[in-house]
Amino acid sequence: MPNASSWSASSPLLLLWEDSSGTRIFLSLLYAVLAISGTLSNVMVIYLVFSFKKLQTTSNAFIVNGCAADLSVCALWMPQEAVLGLLPPNSSSLRSPEYRLLRGGLLGLGLTVSLASHLLVAFNRYVLITKLPSVYQALYQRRHTGCMIALSWALALLLVPLLPGLWTPGSAQQPPPRQTDGSSRYTALLLALAVLGQTALLLHCYLGIVRRVRGSAKRVSVLNFHLLHQLPFPAAPPPPRRAQRRLSSVSVLLLCCVFLLGTQPLVWVSLLGFFLRPAPPALQAASWLLLCALSALNPLLYTWRSEEFRRAARSVLPRSEGSAAAPRPAAAAGPAAA
């Protein structure tokens with residue numbers, strides 16, 4: 001059906017070719033939920049890090065960089081997808097190549113920097129746990145850390161214009177993605193290989209941390225970096241003893257599993273389409289959706305185990321009158337007991 005084809009080709013994620021209003025409404029609602037939750041969580045993490053000095057660490061600087069990239073997906077790209085999902089398939093807004101390139105650029109920029117930030121956080125923690133403090137201090141000076149963050153954005157800005165066929169897989173007049181040219185297939189292959197390489201490095205870092213901690217009598221917390229080097233990244237002494245806590249293997253395993261669940265389906269769908277035959281449209285849509293949903297989950301992955309983040313969040317969130325009034329009887333009972 002021409003209408004369904006024009007709809008599916010106008011968006012990287014809406015690849016379900018059946019002309020079903022129910023499918024479009026469901027995807028729109030899903031994008032709306034992810035956009036709201038992802039925007040709030042990313043903004044909250046950025047606000048907390050900039051507002052509380054204890055959270056201004058090197059590792060959190062990379063987390064904030066990832067949150068800023070995820071805002072490009074959650075706050076700028078997903079709302080547009082939610083609105084476009086409610087428009088008729090033959091809407092003129094879906095036919096504009098400039099508008100498709102803009103949406104694709106937002107998506108590509110956000111996902112590229114976000115994936116790079118995952119790797120920067122993992123490598124930062126790997127160096128901190130497995131290397132000498134002097135090596136960590138020399139590597140993560142203010143200038144070097146700023147260059148790493150700037151390099152992630154420069155790489156994304158360089159790659160996004162080179163991959164238009166990936167983020168905007170066609171126009172309204174082109175056939176479905178099953179008949180795309182060779183350049184799009186090679187683009188998808190390069191994407192799959194790049195994500196596979198990034199995933200291998202990330203897993204190497206976290207597995208190296210686990211091996212180091214299990215083989216040492218010194219237990220160091222991987223997910224709580226609030227007592228480490230503070231911005232603007234001065235040469236600081238080794239972490240105090242109270243920061244040396246037991247490694248939470250479950251937390252590391254959960255982080256790796258969520259990351260793999262969000263990235264690997266698209267990788268194997270792309271490899272399947274290159275070497276064998278294109279995957280079913282529903283599977284393609286689901287793989288893209290999982291990758292983009294990772295932008296809404298990233299803030300929780302890196303902060304839910306941090307007591308400093310939870311304490312900072314409780315201090316800025318409004319408290320109910322009952323919780324605020326609870327300590328009063330105890331305070332009043334003090335003088336009476338005395």
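**Exercise 1. Determine the hand of the crossing of helix 3 and helix 4.**

Solution. Helix 3 and helix 4 cross in a left-handed way; the near helix of a left-handed crossing is turned anticlockwise from the far one by less than a right angle, while clockwise would make it right-handed. Before going on, note that this is a predicted model in which local features need pLDDT of at least 70 and side-chain atom pairs count only at pLDDT 80 or more, while totals for chains, interfaces and linings use all residues. Residues are numbered from 1 along each chain as its sequence is written, and side-chain values use heavy atoms, leaving out hydrogens and water.

Next, the geometry. Two packed helices are described by the angle between their axes and the distance between the axes. For helix 3 and helix 4 the angle is about 155 degrees, and the axes lie 8 Å apart (axes are lines fitted to C-alpha atoms over the stretch in contact, and angles run from 0 to 180 degrees between N-to-C directions). Helix 3 and helix 4 are therefore roughly antiparallel (angles over 145 degrees count as such, under 35 as roughly parallel, 65 to 115 as roughly perpendicular, the rest as oblique).

**Exercise 2. Find the salt bridge that links helix 3 to helix 4.**

Solution. Start with E81 and R103, whose side chains meet in a salt bridge at 2.7 Å, N to O (a side-chain nitrogen of Lys or Arg within 4 Å of a carboxyl oxygen of Asp or Glu). This pair ties together distant parts of the chain, with E81 in helix 3 and R103 in helix 4, 22 residues apart. As for cover, both E81 and R103 are buried (under 20% relative accessible area; over 50% is exposed, and in between is partly exposed, with a 1.4 Å probe and protein chains only).

**Exercise 3. Which residues make the nonpolar surface patch with L86?**

Solution. I25 and L29 join L86 in a patch of about 310 Å². L86 itself sits in the loop between helix 3 (58–84) and helix 4 (97–130). With a relative accessible area of 59%, L86 counts as exposed. Patch members need over 30% relative accessible area and no salt bridge, with like charges joined within 9 Å and nonpolar side chains (Val, Leu, Ile, Met, Phe, Trp, Tyr) within 5 Å.

**Exercise 4. Trace the salt bridges around helix 11 (residues 307–316).**

Solution. First take E308 and R311: their side chains meet at 2.8 Å, N to O. Both sit in helix 11, 3 residues apart, or about one turn of the helix. E308 is buried at 11% relative accessible area, whereas R311 is partly exposed at 41%. Salt bridges with shared partners join E307, E308, R310, R311 and R314 into one network. Within it, R314 bridges to E307, with the closest N and O atoms 3.2 Å apart. R314 is partly exposed at 47%, and E307 is partly exposed at 25%. The structure holds 5 salt bridges.

**Exercise 5. Are helix 2 (residues 21–51) and helix 10 (residues 281–303) roughly parallel or roughly antiparallel?**

Solution. The two pack at an angle of about 30 degrees, and their axes are 9 Å apart. That makes helix 2 roughly parallel to helix 10. Helix 2 passes helix 10 in a left-handed crossing.

**Exercise 6. How many helices and strands does the protein have?**

Solution. Count 13 helices and 0 strands (DSSP runs, numbered from the N terminus: H or I of at least four residues for helices, E of at least two for strands). As for cover, 48% of the 338 residues count as buried.

Methods: Accessible areas come from the Shrake-Rupley method with a 1.4 Å probe; for residues, only the protein chains shown count as cover.
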